[in-house]
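User: I am a first-year student, and I would like a close look at one part of this protein. Please walk me through that part, then connect it to the rest of the chain.

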Amino acid sequence: MEPISLEVALASFTETWSPRIVTTVNDYDVRVAKVDGEHVWHVHDHTDEFFLVLDGELHISLREAAGERTVVLPRGSVFTVPRGTEHKPYAPAPAAILVFEPTGTLTVGDHYEDLPDHVDATTGHELT
């Protein structure tokens, strides 16, 4: 068990929307990902999803009872999408994020729209 540099972890891969697991905390993965462009509309039925923007800017569109809205997260911002909320992350330019969610959680949630080729439906890849 040694400290992990998030900068080094992010430099170890190039794929977007394909998170790497940097560590675990209890039954949760701490994942980093490079993001650019659109993800997919999806929902996690049983867990919240925590986002921290490490670099760039992330937009998260939400479909809520009151209607659809988008939150904008600049570098250094955090946001938690509540369980059961349909959402779609989007990065207008290359960005880097850290996500905190239960081990085994699919990046595309429990229900999702069609997956474009650039989106990796994964539970996170081991950091190499």
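Analyst: L73 sits in strand β6, which covers residues 67-74. Is L73 buried or exposed? Its relative accessibility is 5%. The cut-off for buried is under 20%, so L73 counts as buried. What does L73 touch, once residues up to four places away in sequence are set aside? The list is F51, V53, G56, E57, L58, I60, V78 and F79. Now take A91, which is 18 residues from L73 along the chain. The C-alpha atoms of L73 and A91 are 9.7 Å apart.

Keep in mind that this is a predicted model. The chain has a mean pLDDT of 92. Of its residues, 97% score at least 70. Confidence peaks in strand β7 (residues 78-81), with a mean of 98. V78 and F79, two of the residues that L73 touches, fall within the range of that strand. The lowest confidence is in strand β9 (residues 111-112), where the mean is 68.

I60 is also a link to the next residue, H87. I60 is in contact with L73, and I60 is in contact with H87 as well. H87 belongs to strand β8, residues 86-102. How much of H87 is accessible? Its relative accessible area is 1%, so H87 is buried. The side chain of H87 has a polar partner. That partner is the side chain of E49, at 2.8 Å. Leaving out neighbours within four places in sequence, the contacts of H87 include V40, W41, H42, V43 and H44. S61, L62 and V81 are also among them.

Strand β8 has another residue to look at, F100. The structure holds 1 aromatic pair. Y28 and F100 form that pair, and their rings are stacked. The centres are 5.0 Å apart, and the planes meet at 10°. Where do the two partners lie? Y28 is in strand β2 (residues 28-38), and F100 is in strand β8. The pair therefore ties together parts that are 72 residues apart in sequence. Are these two rings' residues fully buried, or partly exposed? Y28 is partly exposed, at 33% relative accessible area. F100 is partly exposed too, at 28%.

Rings also meet charges here. W41, one of the contacts of H87, has the charged end of R63 over its ring. The distance to the ring centre is 3.6 Å. The ring of F13 has the charged end of R20 over it, 4.3 Å from the centre.

V40 leads from H87 to V119. V40 touches H87, and V40 touches V119. V119 lies in the loop between β9 and β10 (125-126). V119 is in a loop, yet it is buried, with a relative accessible area of 8%. With neighbours within four places left aside, V119 contacts W17, E38, H39, V40 and V108. How far is V119 from G67? The two are 52 residues apart in sequence and 26 Å apart in space, C-alpha to C-alpha.

W17, from that contact list, has a backbone feature to notice. Most residues other than glycine have a negative phi. W17 is not a glycine, yet its phi is positive, about 55°. It lies in the loop between α1 (6-11) and β1 (20-25). W17 is buried, at 6% relative accessible area. N26 also has a positive phi of about 55° without being a glycine. N26 is in the loop between β1 and β2. Is N26 buried or exposed? N26 is exposed, with a relative accessible area of 73%.

Now step back to the whole chain. How many helices and strands does it have? There is 1 helix, and there are 10 strands. From the N terminus, the order is α-β-β-β-β-β-β-β-β-β-β. The radius of gyration is 14 Å, close to the 14 Å that the globule rule gives for 128 residues, so the chain is as compact as a globular protein of that length. The C-alpha trace spans about 45 × 30 × 30 Å along its principal axes. Of the 128 residues, 43% count as buried; L73 is one of the buried residues. Among contacts with a separation of 6 or more, 68% join residues 24 or more positions apart.

Key
Residues numbered from 1 in each chain as written. Predicted model: local features only at pLDDT ≥ 70, side-chain atom pairs only at ≥ 80, totals over all residues. Heavy atoms only, no water. Helix = DSSP H or I, 4+ residues; strand = E, 2+ residues; numbered from the N terminus. Buried < 20%, exposed > 50% of the residue type's maximum accessible area, 1.4 Å probe, protein only. Polar contact = N/O pair within 3.5 Å; in protein donor to acceptor, adjacent residues only side chain to side chain. Contact = heavy atoms within 4.5 Å. Phe/Tyr/Trp six-rings, centres within 6.5 Å; stacked < 30°, edge-to-face > 60°. Lys NZ or Arg CZ within 6 Å of the ring centre and 35° of its normal. pLDDT = per-residue confidence, 0-100. Rg over C-alpha atoms; globule rule 2.2 N^0.38 Å.
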